[in-house]
Amino acid sequence: MNQVWIAIVAIIVAPLIGGLLAGIDRKITARLQGRYGPPLIQPFYDFFKLLGKTRIATSRTQFIWLYGYLIFMIAALVMLVLKQDLLLLVFLLGFAGISFVLAGFSCKSPYSHFGANRELLQILAYEPVLLLMALGVFATNGSFMISEIFESSTPLLAKLWPIFIALLVVLTIKMRKSPFDISTSHHGHQELVKGIMTEISGPYYALVTLTEWYELVLVLGLIALFWANPLWVEILIALAAFVLELIIDNINARMTAGWMVRFTWAVGLVLCILNIAYLYFMKGVS
Amino acid sequence: MGIIRASQIKSPWILHFDNSSCNGCDIEVLACLTPLYDVERFGMVNMGNPKHADVLVVTGPVNYRTARVLKNLYSQVPDPKMVIAVGTCACSGGVFHNCYNILGGVDKVLPVDVYVPGCAARPEAIIDGVVLALQKLAKAVGVAK
């Protein structure tokens with residue numbers, strides 16, 4: 001019964017945190033650009049405004065995939081807060097990403113198709129890193145369970161810092177920030193119209209925004225796992241990663257999709273594989 | 001739903017369309033986004049997609065070719081929506097009003113909510129126009145103060 005309550009609280013609180021973080025994001029970005037910036041709760045205004053707009057249906061299939069995106073993302077978040085299997089969480093996150101891509105492909109707009117193609121490239125870039133992260137956790141703890149991470153006395157960061165760096169790159173891709181602002185044109189509103197979001201409007205745009213807030217909290221939660229005890233360090237490390245992403249976003253130009261895949265595979269994947277190989281090598285020696 | 005209606009006047013997303021303007025007003029519209037004026041303070045974001053927009057900001061006189069495009073864009077903006085004509089040309093046709101290819105102001109094609117005169121309209125005037133449009137919207141949805 002206790003677990004059910006934890007899950008319900010997480011489902012309610014996560015979008016509030018995500019929306020507030022999005023507000024902080026817009027405020028800090030504005031200040032870095034020498035502007036005053038919108039109010040802190042502006043993302044909530046945008047969200048409720050979008051709920052009040054009329055629905056324009058270009059494809060009904062798209063709505064089903066968008067609901068799938070939300071539900072898989074919530075399921076992944078519930079897995080995290082209930083300290084379940086990390087590998088399964090990564091697969092759920094993958095299902096969520098694929099649902100979003102299929103939403104983009106299910107209408108006829110070429111801009112939407114371009115965005116969906118680029119979203120697929122993003123998944124190609126970050127999914128191996130996430131899988132190898134789960135494998136790295138298995139190599140240190142001997143289990144995929146997140147509860148095991150909380151029980152061990154040394155933080156994961158001590159042994160898995162190269163994977164942690166790779167995960168920071170994944171956070172940038174997941175937050176759709178420069179230099180990986182590829183599929184939705186988060187800042188460049190006029191490029192590709194709006195990428196995968198082109199045909200998603202009104203209440204369904206609000207739905208995607210909600211899912212992005214869940215996603216942000218989820219990925220920050222994965223980053224926080226790297227220093228699971230005590231709780232305040234966990235929160236601090238997630239916030240530090242978030243602020244770091246904002247700075248990276250503001251000092252970088254946007255790159256191409258091909259560059260993104262080459263970069264994440266050359267740096268992220270190599271870091272992960274070296275890390276895991278080193279862990280198994282040390283195990284063999286001792 | 002009070003919260004939805006209250007939010008509708010807090011986050012106007014703008015779609016900027018240039019009919020056949022001399023680019024003077026367009027530059028002033030873009031000037032609103034710079035750090036000096038920073039319209040994002042009021043939640044305004046310049047969108048490139050009519051399906052995400054709330055406010056259609058139109059500059060320049062309507063000619064026979066752009067009238068079709070303008071109608072198309074307007075029909076893609078989901079309700080509730082507002083149209084603002086920025087600059088003298090968009091209001092009445094301006095110096096082009098007698099030209100053989102010009103229909104006239106934006107109101108020949110679309111229902112215009114706010115006219116922002118000026119050649120070119122100053123950024124302060126454009127921001128004022130958007131605020132006026134939001135007040136009109138607030139009255140329409142019933143959250144006027």
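Before anything else, a note to self: helices and strands here are DSSP runs, numbered from the N terminus. I also jot down that this is a predicted model.

**Entry 1, cavities.** I looked for enclosed space and got three cavities of 30 Å³ or more. The largest holds about 110 Å³. Which elements of chain B supply at least two residues each to its lining? I found strand 2 (45-47) and helix 5 (123-141). Helix 5 of chain B gives the most, with three residues. I checked the lining by name, and among the residues there are Ile14(B), Cys32(B), Met44(B), Asn46(B) and Ile127(B). By type, I get 11 nonpolar, one polar and no charged.

**Entry 2, the second largest cavity.** I noted a volume of about 60 Å³ for this one. Its lining includes Lys49(A) and Lys53(A), along with Gln8(B), Asp54(B) and Lys81(B). The lining divides into six nonpolar, one polar and four charged residues.

**Entry 3, where the chains touch.** I looked up the contact next: 31 residues come from chain A and 26 from chain B. In chain A, Arg35(A), Lys49(A) and Lys53(A) lose the most area to chain B, together 25% of what that side buries. So Lys49(A) and Lys53(A) turn up again, having appeared in the lining of the second largest cavity. The area buried between the chains is about 2,500 Å², and carbon and sulfur atoms give 56% of that.

**Entry 4, polar links.** How many salt bridges run between chain A and chain B? I count six. One I looked at pairs Glu40(B) with Arg26(A), their closest N and O atoms 3.0 Å apart. Helix 2 (residues 42-52) gives the most to chain A's side, with nine residues. That side divides into 13 nonpolar, 11 polar and seven charged residues.

Key:
Residues numbered from 1 in each chain as written. Chains lettered and ligands numbered in written order. Predicted model: local features only at pLDDT ≥ 70, side-chain atom pairs only at ≥ 80, totals over all residues. Heavy atoms only, no water. 1 Å grid on protein atoms, 1.4 Å probe; cavity = no way out; pocket = protein on both sides within 12 Å on 5 of 7 lines; lining within 4 Å. Points joined across faces, edges and corners; volume = space filled by probe spheres on them. Helix = DSSP H or I, 4+ residues; strand = E, 2+ residues; numbered from the N terminus. Nonpolar A, V, L, I, M, F, W, Y, C, P; charged D, E, K, R; others polar. Contact = heavy atoms within 4.5 Å. Buried area = accessible area lost by both parts, 1.4 Å probe. Salt bridge = Lys/Arg side-chain N within 4 Å of Asp/Glu carboxyl O.
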